[in-house]
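Colleague: Please take a close look at one helix for me. Then work outward from there, and keep it brisk.

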Amino acid sequence: MKCFRNLFMQATVLALCLSSCGGNSSQQGSTENDSTQVCKTSQTSEQKFQATVNFGTGVNVSHWLSQSKLRGEERANLITKKDFDSIVAMGFDHVRIPIDEEHFYDEEGNRLEDGFQLLHNAIKWSLENNLKVIVDLHVIRSHHFNNENSSPNTLFTEEASKEQFIQLWKNLQKELKDYPKDKLAYEIMNEPVAPSCNAWNELIDRYIKTIRETEPDRTLVIGSNMWQVVQTFDSLVVPNDDKNIVLSFHSYDPLLITHHQAPWTAYAYYKGEVNYPGLIIEDTAFYKDLDKEQLLIMRGLNTEWNKEIIEQNLMKAINVADSLGLQLYCGEFGAYPYFIKKEIRLKWYDDITSIFRAHNIGNAHWCYKGDFPIVNEDGSANELPAILTKK
């Protein structure tokens with residue numbers, strides 16, 4: 001799951017990004033090629049491209065080849081063929097497989113064959129089940145979406161890191177290029193956190209040109225700067241004539257519902273009741289015991305939410321995708337299940353999935369077996385697959 005360890009810091013950075021990116025053409029002009037700002041295109045939803053891969057409802061097979069210290073037999077046994085058999089039996093049509101650089105290459109750049117074997121196994125098991133696949137480059141040594149690498153993120157500040165990123169994708173492409181183009185897609189990188197939207201757009205441009213040298217028809221999944229939030233979607237730059245691009249956002253709003261008492265958050269100290277729909281926390285007497293930073297966070301998060309508000313918040317991404325005629329995809333969404341009332345959590349799920357269906361938004365739940373599971377401890381489906389797939 002997305003570990004919002006310092007929500008105040010992330011909110012501050014996002015505000016700065018929005019002020020500098022803003023969807024304003026005068027601030028986006030430094031990316032020059034055959035690309036067009038998404039907010040400046042004129043295609044309509046009736047002209048929407050059909051990418052080589054079309055995604056319906058899927059699930060993230062996470063904390064396996066990504067965000068995990070497991071290795072050897074313990075890692076190999078965590079996810080096996082029976083898991084992919086189970087995923088398709090639950091009614092899902094695709095999997096998003098997050099992968100981290102450290103599972104596939106050591107610090108000297110040498111291949112780690114066991115990691116590649118597991119990835120190939122996963123793709124093989126998926127294809128045997130007629131599941132489509134997104135291979136998502138989740139964490140690399142020069143970039144972590146929550147800046148949790150052992151050293152600072154350098155992807156957007158050092159040319160050597162940018163070149164290493166492109167080379168990493170060249171190597172991955174050689175590994176994956178023979179898989180069917182109508183079954184497997186590449187996701188450039190999970191939740192970029194660039195100092196400016198232009199910096200992210202420039203790297204996107206380099207990446208797309210690299211991939212398109214040998215794979216003009218491979219579907220590429222691309223999200224916007226600052227954790228793939230919808231607020232930065234109108235600052236995203238992609239080629240205006242490439243039909244094999246899928247635009248991706250992540251959605252965990254409202255955080256006080258989806259991350260209620262999640263221990264990694266900046267507001268896990270709140271143990272009281274939460275409500276949805278409506279004002280999330282009605283009794284704010286606890287505000288008096290908060291420090292200045294905590295108070296700022298809670299006041300910012302404790303607002304009214306319902307299905308209509310969620311849908312309105314997503315309209316920027318929906319409108320951008322429609323303006324470009326591209327598929328829209330939610331690569332992550334989910335609610336931490338352990339402390340919130342079940343009826344509130346399931347009401348949120350019902351609302352967001354109905355929005356996805358209404359706007360034809362492909363989606364992948366976060367996650368399968370991890371901290372937001374769709375299965376019980378014995379591997380059987382819990383209540384979520386029926387809501388997610390409506391089967």
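Modeller: Helix 6 is mostly covered, with 13 of its 16 residues buried. Keep in mind that this is a predicted model.

Start with the length of the helix. At 1.5 Å a residue, the 16 residues of helix 6 should span 22 Å. The C-alpha atoms at its ends are 22 Å apart, so expectation and model agree.

Now the side chains. Lys209 and Asp205 meet in a salt bridge, at 3.4 Å from N to O. Both sit in helix 6 (residues 197-212), four residues apart, so about one helical turn separates them. An α-helix has 3.6 residues a turn, so residues three or four places apart point the same way. The two partners differ in exposure. Asp205 counts as buried, at 15% relative accessibility, because the cut-off for buried is under 20%. Lys209 is partly exposed, at 46%.

What does helix 6 pack on, and which strands does it touch? The next step is the sheet itself. Eight strands close into a barrel, in the order 2-3-4-5-6-8-11-12, and the pairing is parallel. From one strand to the next, the twist averages 30 degrees. In general, strands of a sheet pair through backbone hydrogen bonds, either parallel or antiparallel. One pairing shows the detail. Strand 11 (residues 327-333) and strand 12 run parallel and are joined by two bridges. In strand 12, Gly362 stands opposite Tyr329. Back to the helix: helix 6 packs on this sheet and touches strand 5, strand 6 and strand 8 (245-251). Its direction makes about 175 degrees with that of strand 6.

Helix 5 (residues 159-176) offers a second case. Helix 5 lies across strand 3 (94-100), strand 4 (132-139) and strand 5 (184-187). Helix 5 runs at about 155 degrees to strand 4. Strand 5 is thus listed for helix 5 and also for helix 6.

Follow strand 6 a little further. The loop between strand 6 (220-223) and strand 7 (237-239) holds Thr232. Is Thr232 buried or exposed? Thr232 is buried, because its relative accessible area is 1% and buried means under 20%. Its side chain makes a polar contact with the side chain of Ser224, at 2.8 Å.

Return to charge pairs. The salt bridge in helix 6 belongs to a wider set, as the count comes to 23 salt bridges. Among them is Lys177 with Asp178, whose closest N and O atoms are 3.4 Å apart. Asp178 is exposed, with a relative accessible area of 66%. Lys177 is partly exposed, at 36%.

Another pair reaches across the sequence. Arg345 forms a salt bridge with Glu383, and their closest N and O atoms are 2.5 Å apart. Arg345 lies in helix 10 (residues 342-358), while Glu383 is in the loop between strand 12 (362-365) and helix 11 (384-389), so the pair ties together parts 38 residues apart in sequence. Arg345 is buried, at 6% relative accessibility. Glu383 is partly exposed, with a relative accessible area of 26%. Some bridges share partners. Such salt bridges join Arg96, Asp136, Glu187 and Glu332 into one network.

To close on the helix you asked about: helix 6 has 13 of its 16 residues buried, packs on the sheet and carries the salt bridge between Lys209 and Asp205.

Definitions and conventions
Residues are numbered from 1 along each chain as its sequence is written. This is a predicted model: local features need pLDDT of at least 70, side-chain atom pairs count only at pLDDT 80 or more; totals for chains, interfaces and linings use all residues. Side-chain values use heavy atoms; hydrogens and water are left out. Buried means under 20% relative accessible area, exposed over 50%, partly exposed in between (1.4 Å probe, protein chains only). A polar contact is a pair of N or O atoms within 3.5 Å; within protein, one must be able to donate a hydrogen and the other to accept it, and residues adjacent in sequence count only if both atoms are side-chain atoms. A salt bridge is a side-chain nitrogen of Lys or Arg within 4 Å of a carboxyl oxygen of Asp or Glu. The expected span of a helix is 1.5 Å times one less than its number of residues. Two strands pair if DSSP finds at least two bridges between them. Axes are lines fitted to C-alpha atoms, for helices over the stretch in contact, and angles run from 0 to 180 degrees between N-to-C directions. Contact means heavy atoms within 4.5 Å.
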